[in-house]
Structures are given as structure tokens and as C-alpha cells.
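Here is a structure to walk through, from its interface down to single peptide bonds. Keep the viewer open while reading.

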Number of protein chains: 2
Amino acid sequence: MTSSGPSKRIRLVSEDGLLLIHPQNDFLPGGSLAVPRANEILPILNKYLEIFEQMALPIVFTRDWHPPDHCSFQEQGGTWPVHCVAGSEGARFSPMLRVPESALVFSGATNPDREAYSGFEGTDLDQSLKMLKVRHLYIGGLATDYCVFNTVKDALKLGYSVTLLLDAMRPVDIKPGDGKRAIESMKNRGAKSCFLQNLAFQPPRPPALAVDLYQLTMLQGYFDQKMEESAVFEFFIRRLPKNRSFLIFCGLDPVLDYLETLRFSHQDLEKLKQRGLLKNEFIHSLKTFRFTGDVDAMPEGTAIFSGEPCLRVTAPLSQCQFIETMIINFLQYQILVATKAARMILTAKNKILIDFGLRRAHSPEAGYYAARASYIAGFAGTATLNAGLDQGIPVYGTMAHSFIQAHDSEINAFRQFARSHPGNIILLLDTYDYKKAAISVVKLAKELKEENITIKGIRLDSGNLAQQAKTVRKILDQGGLKDVRIFVSGDLDEYALERLELQKAPIDGYGIGTRLATASDSPYLECAYKLQNYAGRPICKLSPGKSTLPGIKQVYRRYTKTGSLSKDEVALVGEPCDGNPLLQPVMRDGKRLHPPFPLAQIRTHTFEQLAKLPAKFLKLKGNPKEPVYFSAKLKSLKTQINDPRPKERGIER
Amino acid sequence: MTSSGPSKRIRLVSEDGLLLIHPQNDFLPGGSLAVPRANEILPILNKYLEIFEQMALPIVFTRDWHPPDHCSFQEQGGTWPVHCVAGSEGARFSPMLRVPESALVFSGATNPDREAYSGFEGTDLDQSLKMLKVRHLYIGGLATDYCVFNTVKDALKLGYSVTLLLDAMRPVDIKPGDGKRAIESMKNRGAKSCFLQNLAFQPPRPPALAVDLYQLTMLQGYFDQKMEESAVFEFFIRRLPKNRSFLIFCGLDPVLDYLETLRFSHQDLEKLKQRGLLKNEFIHSLKTFRFTGDVDAMPEGTAIFSGEPCLRVTAPLSQCQFIETMIINFLQYQILVATKAARMILTAKNKILIDFGLRRAHSPEAGYYAARASYIAGFAGTATLNAGLDQGIPVYGTMAHSFIQAHDSEINAFRQFARSHPGNIILLLDTYDYKKAAISVVKLAKELKEENITIKGIRLDSGNLAQQAKTVRKILDQGGLKDVRIFVSGDLDEYALERLELQKAPIDGYGIGTRLATASDSPYLECAYKLQNYAGRPICKLSPGKSTLPGIKQVYRRYTKTGSLSKDEVALVGEPCDGNPLLQPVMRDGKRLHPPFPLAQIRTHTFEQLAKLPAKFLKLKGNPKEPVYFSAKLKSLKTQINDPRPKERGIER
């Protein structure tokens, strides 16, 4: 199996914007002031445009927009030939460029008597970027050593952080090296840099219409009544599933991605109008629908228990309401998979665990998130290629039985594979007869040694894995292949791992698919995202078996002297309470407070959380009593609301 | 709950192409031969371009490309002012138009002595479209009554079918009504028509890199060895899950969509190169990777059993291999959900069943496909809005508890909702006390009657549903609300439905979420997609517990005289066998043989299939013996391959 480390991946966030400088005809080959090879950047610019548009992030263009008698023209004693005269063909953006409808355009150097090389000079650019809440600019365009250079300098002075799009700018280079020097100078002033491929890793994003219809029927109700006061919703687990004594919180980052980019497209609104389920006036109001609220949440990788709010949303009622469907969708699945994976990590300590789940996940997207969640829980990597590439997770994979079968003999399939992938040879032994295959491996290893190729491992995928692993280990060891590792796969889960580990099977790694990606023994969670407070009023639900605790809550975690988890107390926010508060601010006014944490960091947090769990929570079976307590104030608030309200509110008025 | 019928939705398929006529500067306002209001179509054209590009379908432009002395110019005695002179600014495509890099452009009317109003005249357009295998053209552009008109006439004559993009063309209208008459005339000749919104319903498409890495490591092996002979893979169920006596085949159409549009983007290839897992030469070869093979499959909605191939792929080895991951991914999940839904349909006959599963599905996409699969199985509709809108499934939904809680009283929440949605009132009764809520409903109904608003139904979501339904029915009936329907939801599945139906609870409809969308009692299938034949050689696998039957197979279904299913025989293709062959050709050379079937038609097929199942297969529990037999020839081929091969092939060479 092959694994490979992460390459530089940049995740765009809501404060990012794209600023393209002067991609105008006159600066392109054929134009009056052509920048050499400037046409090369056009397809690259289009790709950047596509990425920012898909992420619904601000896109801004600047253009030179000179009067015919501009002082920079040679006729007026200036340096340059006539170029970019306002309204002329030369001043137009290149027809090869796909300027999005939503893009803003700022025209500069419009005053005949003033030179202006920076896009900020004499324009409303700064003000507009601030209105759009842009704090970080990705800047490319023409020319590196003039207008890009001056715009970047101003941007940095004005407090923006800047990333240079190195593959999407070209210099005039009047003196050879001008462009290089400009880039050096911009970097020295604090600009970062990137290439297109560093940005091509944006996670899948569900469409705004991936939602239960009732969210929108309710929103129309709120719209009609102008009910837009602030609400608080909390996500929590109602009850742990059978054989779970803890869960691992996971899925927060995809939720924040969703909230940051949530908006209805023109086509979404057209589809809604066409279907006629809602009033047109209300549908029209969705055009500007954004999530502008606050989120407090536990860090991903935190061990959680039932009854604890792990994510809290504070926002105008309709926003809180609308996002219910996707909050539950993202969190439930990733908690399920991270938990299942953590149980395997606890069971097969020091073994290499790899996610093979994509094919049996309940959709391509589910497979993607299963790779993420299992890696966070401690898996070594995944077979799911797009998840691995996009998220910097090591990717593993070599061959299926069909590869062997398509060849005229098994050993020939092994041999050919080895030559195609000399650095990544894990051979699959159980297509016909695993013992004979193991003998072939020994034979082949000698042959390959002469080609300086080493077999890394073998894989068994069926039958009695413990017994086969022992037999194969013996054959390999006798053949001098002590370093060849044994991987197994096929219908594995934490219970199977426990059996194999108890049998002391000489297995180095496990490929785990179906039962991980479907969380097969507990494919859903009793979890909820519920209204706790509206317009300052604490709220609870009294439905039989589904009643909730009212008010805005925090979870405080306490540890024993030796550092293991002793008690969680759920209390009202503001109530004095010992312990570490687990819910932390992660989003304010619809903007993340910090960029997404690297998965490796979340993974470390999970390791630490697992290490702090008392022994009784580490068993695979049973449901030990959870260490969760509710504060006296919380219980008394519940009693207060519980009693008089329903009668009065259920019937009156 | 609201339901609404389908609107006109056009699904693009692989033989479709976009043909845009002359969207050039001279034909736009400001140009020398401006078509009135032609600028209005540019943003619309951009949207069409986006849709066809996303679907990876051919995009073709024509342009007028006149010599300066063209005979159509007034100076030469022609009708028109000078326009679209080759190379001039006026001949360029509008800069507002996003011409994709991949688009083909055909220049016409280049001969000074010949007029040419059709894009086909004197160009290679026809030949190129045929090479691209385009059979159906979506045509828009300028002007409706000249070049569009003449191009469409030629296209129809040449055997293309044509859809006019009515919102993306404008007429010159020299005589008022010319445009209208041209459209009439084109329609009379057989052209169809559409608007942008009719096309805005394309299903989600997994990225090419949503795949197990090993598919690509194997493909590199095949590439290195030039192993590209034809292979046959079959998808089948190894074993029915516990408590399943049949499954419903589902997911074929999404598989065909995937196959038709499968291709690697430039960015995909860059990401692969960057990660360094595969050789660059091989990665480069993926640029033109397409599925060009054949698919035979059972119709969706067919009842299937274990051991029966339900889908067969015949294609060059690497293509067959690569698609394994997504074929299993799509089919497994949709079979699971369609089967679970069919069991509910069989249990709660004549009741309204609605899919509420999105929030607990294992991803937004899974929720989308759960809506599709459950509708195919007979559900009345779904709460999942995007699935409903895109696929023409009725959508249902009204309110959650939070809506009630956010109001100052329950009855006020009911009242306000009723006024916001007078045609769609299902009131949720169990937020506080369902009996009091039912009394409120009676009271409110009288009040609303004066506003001519009728309450359609109520919903109960917790507690003892049968008992509550009986109590509420009584209250409603006594209050004169015999027509108000009772819906229930909350932790339902076929077993719960059976209990409720046995108790004769007065329930009219069920909302079913979690256990449907996760197929909770059987969240995965033991299914496989396996190599059966390579380069004409039948192949089977001998792994313990996972051995396969070799050869290319067909399934023949036989019925009793009364029309119920009696026996399925799996035989080799070509072997004489009684019964109806279930595998039918659906794709040849990578192209569908017919457009996707409407879901309503698939649904009818499912009803018929369920009606033909003998009684013993209709029980919710147990696993009765399946009616599947294997032909003598198939068994003897297995024995033949079974015996001598593994020894010889496992070690020799």
C-alpha cells in the first residue's frame, strides 16, 4: 500500500477574497502595452475564478481606465504608449477571461493628471472590501512589477493579509529580474504565495436545497410574522447507542464550512418558484439569506456523553432553524464513524488501521467523510483517494483479486505489479490458494531482489485470518522475509479485531471497510438539535421520551489527580462551576474565529481524550453509567418551565 | 404537508450537445447589426454553458466570419450593413460570454460570393458533431429568425433532434412577428423547446477521484502491460441479509449517469501528480479516460435474490475495473433503501408513507438517493427538498416543535402557520400535551373556517402512537373534523408499522426517517462486482466463502399460471433456457440506449414485482429458501475451472 504525506493545501475561508489586477486587452499580447507571455495566465485566472465562485467568495477586478490624455502616455511626456483608454477595446477585460456576473470592477487612474499604479489609489476598493468583510486577499494579474506590486504594497499597508498567485501574474521586466525582485519585495513585506494546485482542495458542499421542506415552511411562517429575534439551539446526544460508553465528537469543521458558504443560487430560487410550495415574496427574501450567527462547540475529537450540548448556535430564529437538517446530518455520521474507529484503535493498539469503506458507505460523500472521521480517530490512512488528496490523509491501496485473475498466472500478476509499483508492493494472497501464493512471494522476492525491488507486505482477505496469518508468517520467515508485513481485511470491526488480537495473530495491519463506514452495529444516533431559548426566554419540550432541558448551557469537565476524566457537569452559562468549559467560541457573526485545524492536530486531541478515559469506558460491550451531572439551577429551571406553562400555553389565547 | 406535481424537468444525456449561434459583438447592442435586446440572453447563455460544461457535454459555437467584401453587405448590393468581418472586434464573441476552453468554434459565410445563414453551410459542423456522437442539439443564439432558424432547419434535415432554448435567442423582427413565426415553423418541423429552469435539474455527480486508490494502482499495472482486452464484470448479491427474503434492484440510473460523465479534470490530474503515487505518463493517459463499454442490467424496481447478476459490464479491462467502487457504492445503498421501503409499503397497505430521512442519512447525498429509492418503492413523497425538486417527487413538510415553542402559545403557532400556508396545514400536536393540542385544533378549525381555511391533518411524533391516535381521532371526530388526517412519525420502521397496523390505530400516514435512510437493521449488503471473463476466458475466484461462478450469465425468470414468481434460473449467456431474461441492454459504447425512465414508471414496475411475489416472501422475518437455480452448464464450467487451474496458475511459470 502506498502512503504519501500531505502537500500544501489551502482551505479558503469566508474572509478570503480574490483580487485580479488589470487583465485587460492592452496588457496582453497584441495590445499596445503587452506584458510578455501574459496570455498564459488567462486559463489559470479562470480556474481561480471558478474556485472562488464555487465557494461564493468575493471576486474583485481592477482596471486601468485612462482618459485619452493621461499623463502616463508618451504623448503627454509620460513613460508608456497610449493604453487602456476608458471604453476602448484595449481597456476591456480579455474575452478569454470568464468574468463572473457577481464580480465587482474598480476603474483606476481616471484622472488625466495623476499616475496611479495601485488598485487602491483613487478608488473605493478598500471600502468595498471592508464592506464585504474581506480580510485576506489572493492577488494576481498584470503586471507583477507595476500594478500588482503597488496594489499589494497598499493592501498590506491597509491591514489586509495577502497571498500572491504566483502562476497568475507576469512582469514587464523592463530590467530583467524586475518581476523577481518585486515578488521578493512583496514577500519581505509579509505577502505569502501559492499556486493554483494549493487551492484545488475545497470540500464538497451540500446545496442550499438539501434541506427538509419543513424548514422552509417554518421560515415562511417566521417571515410572515417578522419573528426574527435571537434564538439558541443546541446539538446533543439523547442516549448512547447499545455497547457505546462514550462518543467522539466529530464533523464540526464541515458544519462551519456549510454555514460560511450557505446561500441560495438564482437557480435554487427559480426551482422553488416553479414548484409553487412557498410565496414568491418569501422566496425572493432568500436571495440574501446568510448565516450571520455565532457558534460555540467542543473541539473535534472530544469524548462526549449523552445529555451534553456539544454545539450551540446563537442566531436569528430563521437561521438557527434552517440549518437543523445539515447540522444533524454532518455531526451524526461523523460522530458515528469517529467513535467506531476510536473503538478499533483502542482494541488493536499499535497496529496500522486503514479505512477501506468507500464502496459500502451510503454515498460517495459519506465515504469522503468516513475517511476524515476515521483518520481523526487515529486510523493511519484511507483507500478513498479524493478524501486523501483533498485532506492530506495518507492513501493506501494496491490490488484486488480481479488484477490477479486477469493475468495468466498469479505469480506473473505479482511480478508485473511489483515492476509497476516498486515502492508500493502489498500482494494479495487469497485469490486461489494462500499457501501457494505465499510460496510464490518467497520465490519472487529473490528474483526482485536482483532488480533492487522489495516486497513490503501481503494481504489476506477471506477465511480464517488468524490461522492463515500464522501459516503465512511461517512461510515468509522461513523464506527470509521477516520484514514483509501481513495485512488482513474482510468483514472486520472492533469485535473481530478483539478476537484476532486475543489469538495473537501475527498481523501488522487491518483494512476496515463496510462495518466502519456504515457504523454497522449502530448506524444512527439518537441525537437532536433543539431550541433552548428564544428572544431571551428559556424553552423546553415536554414530549414523552423526548423532553429537553431548557436554557443556554455549558459543559464543565473535571479530572482526577492522575488526569483521568472524573465528572462532567452540565450547567447554565454564567453559573459558577468547577472544571474546564468544553464549549468554545468558534464562529462569530457568521465568520470562523480561526482557520480549520489541521487533521493531525485534531487527531492528537483524540489520542489525548482516549488516554483520559477511565478503564470502564474502554470496554467494547455494555453501557456503563455516564459521568454526566446536571447543575441544580438547570434542574430547577426545568421544573419552573415544566409546570405551569404547558397548560397555560397549550390552550390559552 | 404540501405535495406538488413534477414540473418539466429535462435530464441531459450523453448524446446531447449545446450549439450557440453567432453570439458576436456586431449582433449585440452597440454592434453594426444589433439584434434588439440581444444582450439579455448573455447571462442566460452563460448558465446554459455552465450546465453543459458541468455535465461534460459537447459545446459548439458558430460565428459569422465574413471577408470584408462579403456579398451580403449593402456595399456589395446585399441586405446588411458591414458586420462580423473576420478578425474584427465586431466578429468577436461578446466579452460577457464565458466561452469554455473546450468549446469548438465554426466560422461560416467565409466565401465572399455566398450567403450562408445556417451554421452547417460550408462548415465541418455536421461532421464534428457526428464525431462527438451528438444526436440531440440544444440551440440558442442570434438571430431567431435568420441564422438560428436556418441552422435548426438544417439540423433537423440532417437527422438531429433539436430543442430550442427559448430564453436564449432573440429575433431581428424586421417584420414584427418574424421571430414568433420562425419559432412556430421550427416547432412544426419537429423542434422541441425549453427554458433554462427545465435543465437545472442535474443529479449530483461524484468526482472521478471518488474511488479506491487501488483501482488506479491496478490501472497503472494494466497500462504498463498494455492489458486492454475486453473484460466482463457482474454485480450480484452474495447473501441476503437477515430478515430479507428478496431485495429491490435500485440505483441503475445514477450508475449510468456516472458512467456517461466520468472523466478526470485537469485539476484531478494535477492533484495526482502532486501526490506522486503514480507515474506521470500513466496519469497523463487518464486525461482521455472515458467509459466506452456496454451495460446490461435488470430494470430498477425488479425483485432480486442472491447469486443473480443484476448488472453486467463489458468493457476494456481498465474501465471495468475503475468503476467498481462507484457501482457498488450506488447500487448497495439504493437497493438497501428501496428494499426497506418496499417492506413498509407491503406492511402499511393503502397508507401514505413519506421519507423523513435526510437528517440521519449518512450524508446529504445519501438523503437525496434515499428519497429516490423510497419513492421508487412506493412511498408517496419525501421531505428532502432538493431530491423532490430535482426528481419530480412530491415534497412534504410543515412544522417542527421549535416552531410551536418559538411562539407565545401553541394555538397561536397553529393559527399563524395556517395563515402562512392555508393550503398545507398539518399541525404538530405533541410539543406539550397532545390532547389539549387536539382540542385547540377543533377550536381553531371553526375560527379558520370563517377565513375559508381548512386544516388538512395533524401529526404525532412521540409516545404511544396507537393510543394517542385513537384519542385524537375521537376528539377530532367529536369536533366535526372527520376529514382531518392523522400522521405519525418517530422511530418507525416496518416492524413498528406492523404493530401499529395490528392495533388498527386510526393512522392515515407515516413519516419515516432514520431507520429507512440508514436501513438500520441491515445497513450494508454482502454484494460484489466481480470479474467473470477476460479476453474471452471465463474466470472465477476460489477464496474461502467468497468463491464466484465463472462466465457471462443471464437470469431467466419463470412464473406460475396465476402469474406469481416460481423460479429464477441463472445460466450462461446463449444457453437455451425457459423464462424471461431479466438482464436487458441499457448502454452500448458508453451511451445510454434510452433516456432515463420516469420515476413513476419505475414505481409501477416495483408495484408489479411486489404483486408477483409468493406469500412466503412477504413476511418481515426469516429467510425463506430463495427461488434461484443454477444451470447445469454453469455448474460444470465452475468445476472445470475449479480443478486444474489454481495449482497450475498459482505456482507455475
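The paragraphs below take the interface, then the domains and sheets, then some local details.

The model is predicted. Start where the chains meet. On one side, 141 residues of chain A make contact, and on the other, 142 residues of chain B. Together the chains bury about 12300 Å². Carbon and sulfur atoms give 52% of that area. Which three residues of chain A supply more of its buried area than any other three? They are A:Arg275, A:Arg359 and A:His362, with 8% of what chain A buries against chain B.

Next come the charged pairs. Side chains of opposite charge can pair when their charged atoms come close. Across the interface of chain A and chain B there are nine salt bridges. One of them joins A:Arg359 to B:Asp212. The closest N and O atoms of this pair are 3.0 Å apart. A:Arg359 thus appears twice: in the salt bridge with B:Asp212 and in the trio that leads the buried area of chain A. Polar contacts across the interface of chain A and chain B come to 59 residue pairs, counting residues at pLDDT 80 or more. Which element of chain A gives the most to the side that touches chain B? Helix H6, residues 213-225, does, with 11 residues. By class, that side of chain A holds 59 nonpolar, 47 polar and 35 charged residues.

Now look inside chain A. The chain is divided into domain 1 (16-199) and domain 2 (213-338 + 523-651). Domain 2 is thus given as two segments of the chain. The centres of domain 1 and domain 2 of chain A, taken over C-alpha atoms, lie 44 Å apart.

Chain A also has an open sheet of six strands, in the order E13-E12-E17-E16-E15-E14. The pairing is parallel. Its edges are strand E13 (381-382) and strand E14 (426-428), each paired on one side only. Within the sheet, strand E12 (residues 352-355) and strand E17 (residues 509-512) of chain A pair over four bridges. To find the register, take A:Asp355: its bridge partner in E17(A) is A:Ile512.

Turn to chain B for an antiparallel sheet. The sheet is open and has seven strands, ordered E19-E18-E7-E11-E9-E23-E24. Strand E19 (537-538) and strand E24 (591-592) of chain B form the edges, pairing on one side only. Strand E7 (residues 230-239) of chain B meets strand E18 (residues 526-534) of chain B through eight bridges. One bridge here sets B:Ala231 against B:Tyr534 in E18(B).

Back to salt bridges, this time over all chains: the whole structure has 84. Among them is the pair A:Asp257 and A:Arg11, at 2.9 Å from N to O. Where do these partners sit? A:Asp257 is in helix H7 (residues 252-261) of chain A, and A:Arg11 is in the segment before strand E1 (16-21) of chain A. The pair links distant parts of the chain, 246 residues apart.

Finish with the backbone. Which bond joins A:Leu142 and A:Ala143? It is a cis peptide bond, with omega about -15°. A:Ala143 lies in the loop between strand E4 (136-142) and helix H3 (144-157) of chain A. In chain B, a cis peptide bond joins B:Leu142 and B:Ala143, with omega about -15°. B:Ala143 is placed in the loop between strand E4 (136-142) and helix H3 (144-157) of chain B. Last, check A:Ala535. Its phi is positive, about 50°, although this residue is not a glycine. A:Ala535 falls in the loop between strand E18 (526-534) and strand E19 (537-538) of chain A.

Terms used. Residues numbered from 1 in each chain as written. Chains lettered and ligands numbered in written order. Predicted model: local features only at pLDDT ≥ 70, side-chain atom pairs only at ≥ 80, totals over all residues. Heavy atoms only, no water. Contact = heavy atoms within 4.5 Å. Buried area = accessible area lost by both parts, 1.4 Å probe. Salt bridge = Lys/Arg side-chain N within 4 Å of Asp/Glu carboxyl O. Polar contact = N/O pair within 3.5 Å; in protein donor to acceptor, adjacent residues only side chain to side chain. Helix = DSSP H or I, 4+ residues; strand = E, 2+ residues; numbered from the N terminus. Nonpolar A, V, L, I, M, F, W, Y, C, P; charged D, E, K, R; others polar. Pairing = 2+ DSSP bridges. Domains from an automatic or database assignment.
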